[in-house]
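Trainee: I'm new to this one. Could you take me through the surroundings of the ligand?

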Amino acid sequence: EKEKKISDQEKVQKKPSEPAIFIPVDRSPEVQEARLKLPVLAEEQVIMEAVRENPSIVICGETGSGKTTQVPQFLYEAGYASGGRMIGITEPRRVAAVSMSHRVAKEMNLPTQVVSYQIRYEGNVTSDTKIKFMTDGVLLKEIQKDFLLQKYSAIIIDEAHERSVYTDILIGLLSRIVPLRNKKGMPMKLLIMSATLRVEDFTENQRLFRTPPPVIKVDARQFPVTIHFNKRTPLEDYTGEAFHKTCKIHRMLPPGGILVFLTGQAEVHSLCRRLRKAFPFRKGNTATAEDEEAETSEAMRKFKKAKQKKTVSLPRIDLDNYSALPVDEGDEDREAGIGDEEDGDSDLDLGDDPADAEEKADGSIPLYVLPLYSLLAPEQQAKVFRPPPPGTRLCVIATNVAETSLTIPGIKYVVDCGRVKKRFYDKVTGVSSFKVTWTSQASANQRAGRAGRTEPGHCYRLYSSAVFGDFTLFSEAEITRRPVEDLVLQMKDLNIEKVVNFPFPTPPSTEALVAAEQLLVSLGALEEPPCTGRLKDMQRAKLICPITPLGRAMASFPVAPRYAKMLALGKQQDCLPYVIAVVAAMTVREIFEDLDRPARSEDESSKLNQRRARLTQMRRLWAGQGASLLLGDLMIMLGAVGACEFAGCTPRFCENSGLRYKAMVEIRKLRGQLTNAVNAVCPEVGVFVDPKMTPPTEHQVVCLRQIVLAGLGDHLARRAQGEDLVDPKWKNAYKTPLMDEPVFIHPNSALFKTLPEFVVYQEIMETSKMYMRGVSAVEAEWVPQFLPQYCHFGSPLESPSPWFCSSTGTIRCHRSSTFFRVGWQLPAVEM
Ligand code: ADP
Ligand code: MG
């Protein structure tokens with residue numbers, strides 16, 4: 001305590017030039033002691049001087065050196081949270097924002113009303129908040145509301161090395177906002193923090209910062225880590241390899257925590273289970289049962305709690321609560337893109353690997369096995385920071401959350417599978433797929449570094465040194481890998497018309513920007529460009545299309561532009577509650593349990609078969625019949641959401657119906673949020689979303705199909721016919737404007753048997769074939785009205801059939817065709 005006070009006094013004396021602000025912080029002696037060990041503390045003077053003298057600075061420091069937890073405190077102590085302004089810190093991962101805000105609040109001995117967090121669906125920010133941790137998407141939304149970010153005196157962009165899309169854009173925007181604030185006499189500071197030394201994209205980018213910001217390096221006291229490569233590289237079963245390696249370490253090597261890197265939640269759980277079996281706690285040690293149970297899933301916990309209360313009260317969306325609405329992050333996929341959460345999250349017991357029998361405890365001490373991934377409940381996550389029970393060894397099985405965002409104490413051994421799960425997009429077609437790929441050398445080295453924080457450590461790489469040599473040096477910036485239409489729309493809404501000129505740290509390809517702009521024009525979100533000149537000029541022209549009022553409304557909905565268009569149209573014919581439910585279900589993705597995975601044992605296989613049959617039955621039920629069937633997979637989603645809410649959205653209902661409980665909970669939150677967003681855009685509509693929807697009428701289903709077509713128009717597919725069918729690969733296949741290959745309706749789809757002539761789809765996923773997902777049927781008559789750009793209006797003499805796809809995929813139709821003359825039997829939706 002005394003020591004602390006002296007050092008505080010020294011601080012004030014040593015900086016006479018500094019404004020006489022020093023906000024004391026009352027830290028506990030234990031915190032004070034732990035802090036002093038952090039390398040970043042040695043650099044406090046240097047960092048704060050650099051902050052005072054420069055508008056922007058970059059801090060590089062090894063993971064665990066104390067950047068995230070300490071730098072906000074430096075700023076706080078130097079008075080940056082005084083005078084009514086806040087210190088903001090952005091994180092690319094939700095788990096980091098939440099966990100770090102709790103940690104800093106605890107270190108500073110301040111309540112969470114003062115050190116708070118804000119993530120997509122939740123937060124504890126109050127009017128007293130002085131330090132605010134948030135996901136990067138949240139800050140982006142705030143810039144939309146107030147470009148100058150006047151609430152803040154300093155912004156810290158954390159984990160900049162991850163190169164998440166929103167982080168990149170934020171840095172681009174802040175490079176403009178900071179000078180603007182200075183010019184207006186309300187100075188603001190920007191701190192970019194990175195775990196690697198590779199920051200040239202930020203510092204040496206002339207378009208970003210005219211004078212390169214100073215880079216402050218924090219030297220971490222890193223102990224040597226011995227790297228052990230595998231002789232061979234298992235191509236398939238790296239989880240099994242990780243299991244054997246971990247068992248070996250535990251049996252043969254001296255005490256010290258083990259950290260295993262895998263790629264996804266399902267792998268993490270499966271390895272946890274196997275390790276617990278192999279090294280169980282002794283009887284009488286209650287920790288095992290407790291832990292195993294606690295983390296089965298948050299779902300079960302909540303369910304049990306509800307059951308204890310006996311009455312399961314039906315939850316309601318709080319509709320009066322929208323001024324305090326959490327600010328939104330935009331695209332749902334973003335965090336998933338980084339890592340690990342798109343993994344079907346089932347708690348089915350996978351059974352044991354027969355090989356596990358060899359791995360006997362043979363007198364070893366118990367292994368205290370903990371999982372760690374981004375969707376794990378916060379109280380479970382917090383466990384990794386606490387010392388393991390006496391007489392046990394800590395073993396954390398993690399996704400790459402543990403690579404740089406969270407530092408686990410006491411790790412001496414790292415087991416690295418060398419892989420990472422990423423979403424990949426085809427730039428042209430937008431086809432996406434999840435792939436487990438090799439990680440980069442930089443990230444493999446980060447992982448290894450986790451072993452040498454407190455003493456010399458060891459890293460076991462489950463791949464050979466030759467394979468490591470082939471890794472890319474660094475991970476690519478995410479922005480170069482994904483479609484950017486949502487970003488382009490957000491930027492246009494910020495009145496950045498020439499998106500090509502935006503100072504991206506790494507710019508996306510012009511090709512991707514043009515594609516985005518074209519889509520947005522076709523959705524009516526941007527003004528049609530003057531169509532003159534050669535193609536190149538046109539493309540250039542397209543990059544400066546200003547936003548339309550519809551575009552502004554769409555930008556205010558926290559979903560992808562195609563879905564935002566649906567929301568904008570949704571108020572017609574009282575369809576909005578349904579549109580909101582469908583959009584929420586499409587945005588959350590993967591609402592069904594993944595039952596198509598291979599079974600690991602016969603027992604499991606029969607269990608899986610039963611569940612599959614049940615899910616098929618439910619799908620059929622929800623799809624309905626007649627008119628509703630034509631809404632297709634979206635009707636199934638609607639039915640699932642409706643039925644689930646009707647049953648009170650319990651884990652048991654989800655479990656029994658093949659739904660992912662977590663997904664259903666997210667859908668509920670998103671429905672509330674979208675309702676508020678729609679109400680904010682057009683208050684006169686005044687939607688009220690009853691969580692318990694009644695099914696739509698036939699009339700409404702038809703409207704819904706049109707609204708869906710209006711949003712997904714560019715995802716139109718037509719059944720292959722005529723000449724195409726000569727080639728058997730086109731049997732039951734569909735043609736799309738963008739692709740040469742046939743695409744198919746999945747056997748799980750509501751429309752698998754119907755095979756309508758025209759359909760729109762949510763996305764194409766490549767698995768064994770190119771499958772359309774989220775398919776909905778389109779009436780041929782609607783195509784010329786909704787998608788005139790795809791239609792060629794010719795004379796009836798031109799072809800024998802009134803409709804056909806040309807080789808380029810455009811759809812020709814005759815103005816005089818019977819379809820047209822019949823007129824609208826069905827209610828029309830105004831565009
Ligand atoms: P960096 O941002 O440089 O990677 P951090 O500020 O995240 O470093 O971590 C600094 C230290 O704080 C680490 O030793 C870490 O283990 C510790 N720490 C972080 N969160 C917690 C927590 N919730 N409980 C205990 N220790 C924590
Ligand atoms: Mg950090």
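Mentor: Here is a close look at the shell around ligand 1. This is a predicted model, where local features need pLDDT of at least 70, side-chain atom pairs count only at pLDDT 80 or more, and totals for chains, interfaces and linings use all residues. Residues are numbered from 1 along each chain as its sequence is written, chains are lettered from A and ligands numbered from 1 in the order in which they are written, and side-chain values use heavy atoms, with hydrogens and water left out.

Okay, start with who's there. Ligand 1 has 14 residues around it, and Gly64, Lys67, Thr68, Thr69 and Thr407 come nearest (a residue is near if one of its heavy atoms lies within 4 Å). By class, that shell holds 3 nonpolar, 7 polar and 4 charged residues; Ala, Val, Leu, Ile, Met, Phe, Trp, Tyr, Cys and Pro count as nonpolar, Asp, Glu, Lys and Arg as charged, and the others, Gly among them, as polar.

Now for the polar contacts, meaning pairs of N or O atoms within 3.5 Å. Thr68 has a polar side-chain atom 2.5 Å from an oxygen atom of ligand 1. Lys67 uses its backbone instead: a polar atom there is 2.9 Å from a ligand oxygen. Thr407 also has a polar backbone atom 2.9 Å from an oxygen of ligand 1. On its own, ligand 1 has 560 Å² of accessible area, and the protein covers 87% of that (areas by the Shrake-Rupley method with a 1.4 Å probe).

As for elements, helix H5 (67-77) and helix H6 (94-108) give two or more residues to the shell, and H5 has the largest share, with 3 residues. Helices here are DSSP runs (H or I) of at least four residues, numbered from the N terminus.

Technical notes: A polar contact is a pair of N or O atoms within 3.5 Å; within protein, one must be able to donate a hydrogen and the other to accept it, and residues adjacent in sequence count only if both atoms are side-chain atoms.
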